[in-house]
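Student: I am new to this structure and should be grateful for a close look at a single part of it. Please take your time and let each step lead to the next.

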Amino acid sequence: MFKALDNWLENRRIKAMGFTIEQWESAVADWAAMERYKGSERDNLREMSFRFLARKGITPGGKFEFTDAMCLKLATMACVPILHLGLGWYEHCQTIILYEGDFIANHPYQSEDGVVHAEGRGLSGEAWQRGPLILSWEAILATGAHARHGKASNVVIHEFAHKLDMLRDGANGAPPMHPDMKPGQWHDIFTATFQRLENDWQHNKHLPLDEYALTNPAEFFAVCSETFFESPAMMKKEMPQIYRLLCQFYRQEPA
């Protein structure tokens, strides 16, 4: 009974928002990844995006004034990874703070030379273990298969991948496995691929994804996730085992 009531209230909130199919289509029209979603799958993605906005709060960072179209695009990008998993995977994330550009993180950080800086650095996205998810609209606009240093980039998928990762034992590159998946296999393949790419990078060899992936296992999973959705054919060719595992986890085959 309570589930039916919650669904009725949510449908009322969606109706009150007043979004139309035409508005949604216009908002996502310039995102190339949308070409893969057609028919009922596209309808399901649109409905999930509306429900995402009914459940989550998007608030401005600073004095940034965002539009409904921006919210629809952000929500759709966030929903693509969980299209076949369900919105329940984002239950622990209730608030998204949207800045116009990069924002200053409110915590110290350690640079590559080992120096710890008291003031935060400029970021385009950040996901907190217990708290909001923060994004830069300028970074969202830079989304694409070859948007960052010639490599795939999608800050929304990247940060929400962190949120999925945090569902089990914190951000460590190992999100909750489905019953038909083998955690040991995930660990072995991701670890071996990480080490191989790290060795390639040290020897100035070509990397199929942004070198930021080699920061740690959590960033590796997040960068692999954005690459999986933005440049799936390349990932299937260059990183076939990782591609296969992500197909199993996200329940999609984007290539």
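In what sense do strand β7 and β8 pair, and over how many bridges?

Tutor: The model is a predicted one. Strand β7 (residues 125-127) and β8 pair in the antiparallel sense, over 3 bridges. The two strands form a hairpin, with 5 residues between them. Within this pairing, Glu 126 stands opposite Ile 134 of β8.

Strand β8 deserves attention for its two faces. In a regular strand, side chains alternate between the two faces of the sheet. In β8 both faces are covered: Leu 133 and Leu 135 are buried on one side, and Ile 134 and Ser 136 are buried on the other.

Strand β8 (residues 133-136) also has a partner in β2, to which it is joined by 4 bridges, and these two strands run parallel. Tyr 99 of β2 has Ser 136 as its bridge partner in β8. The faces of strand β2 (residues 95-99) can be described in turn: Ile 96 and Leu 98 make up a covered face, whereas Thr 95, Ile 97 and Tyr 99 make up an uncovered one.

From β2 one may continue to strand β1 (residues 57-60), which pairs with β2 in the parallel sense over 4 bridges. Here Ile 58 has Ile 96 as its bridge partner in β2, and Ile 96 belongs to the covered face of that strand. Together, β1, α4 and β2 make a β-α-β unit that is left-handed.

Helix α4 leads from the strands to the interior. The largest nonpolar core has 76 residues, and those with the most contacts inside it are Phe 52, Trp 186, Phe 220, Leu 246 and Tyr 250. Helix α4 (residues 68-79) supplies the largest share of this core, namely 8 residues.

Trp 186 is a useful residue from which to explore the core further. Neighbours within four places in sequence being left aside, the contacts of Trp 186 are Gly 173, Ala 174, Pro 175, Met 177, Met 181, Phe 221, Leu 245, Leu 246 and Phe 249. Trp 186 and Phe 190 are both buried. Since they lie 4 residues apart in helix α7 (residues 183-202), about one helical turn separates them. An α-helix has 3.6 residues a turn, so residues three or four places apart point the same way.

The aromatic rings may be considered next. A pair of aromatic rings is described by the distance of the centres and the angle of the planes. A search of the whole structure finds 17 aromatic pairs. The ring centres of Trp 186 and Phe 190 are 4.4 Å apart and the planes lie at 20°, so this pair is stacked. Phe 249 and Tyr 250, by contrast, form an edge-to-face pair, with 4.8 Å from centre to centre and 75° between the planes. Phe 249 is buried, its relative accessible area being 0%. Tyr 250 also counts as buried, at 0% relative accessibility. These four residues are among those of a cluster linked by ring pairs, whose members are Trp 89, Trp 186, Phe 190, Phe 194, Phe 220, Phe 221, Phe 228, Phe 229, Tyr 243, Phe 249 and Tyr 250.

Phe 249 and Tyr 250 bring us to helix α10 (residues 240-250), where the buried residues are Ile 242, Tyr 243, Leu 245, Leu 246, Cys 247, Phe 249 and Tyr 250. The elements that cover these buried residues include α6 (155-165), α7, α8 (217-230) and α9 (232-238). Two of the residues named here, Leu 246 and Tyr 250, are listed among those with the most contacts inside the largest nonpolar core.

The end of this helix completes the path. Helix α10 is followed by Arg 251, which has a positive phi, near 60°. Arg 251 is partly exposed, with a relative accessible area of 34%. Asn 204 likewise has a positive phi near 60° and is a residue other than glycine. Asn 204 lies in the loop between α7 and α8. With a relative accessibility of 72%, Asn 204 counts as exposed.

Conventions
Residues are numbered from 1 along each chain as its sequence is written. This is a predicted model: local features need pLDDT of at least 70, side-chain atom pairs count only at pLDDT 80 or more; totals for chains, interfaces and linings use all residues. Side-chain values use heavy atoms; hydrogens and water are left out. A nonpolar core is a set of buried Ala, Val, Leu, Ile, Met, Phe, Trp, Tyr and Cys residues joined through side-chain atoms within 4.5 Å. Buried means under 20% relative accessible area, exposed over 50%, partly exposed in between (1.4 Å probe, protein chains only). Contact means heavy atoms within 4.5 Å. Two strands pair if DSSP finds at least two bridges between them. A crossover is right-handed if, with the strands pointing away from the viewer, the path from the first strand over the helix to the second runs clockwise. Rings of Phe, Tyr and Trp (its six-membered ring) pair if their centres lie within 6.5 Å; planes under 30 degrees apart count as stacked, over 60 as edge-to-face and the rest as tilted.
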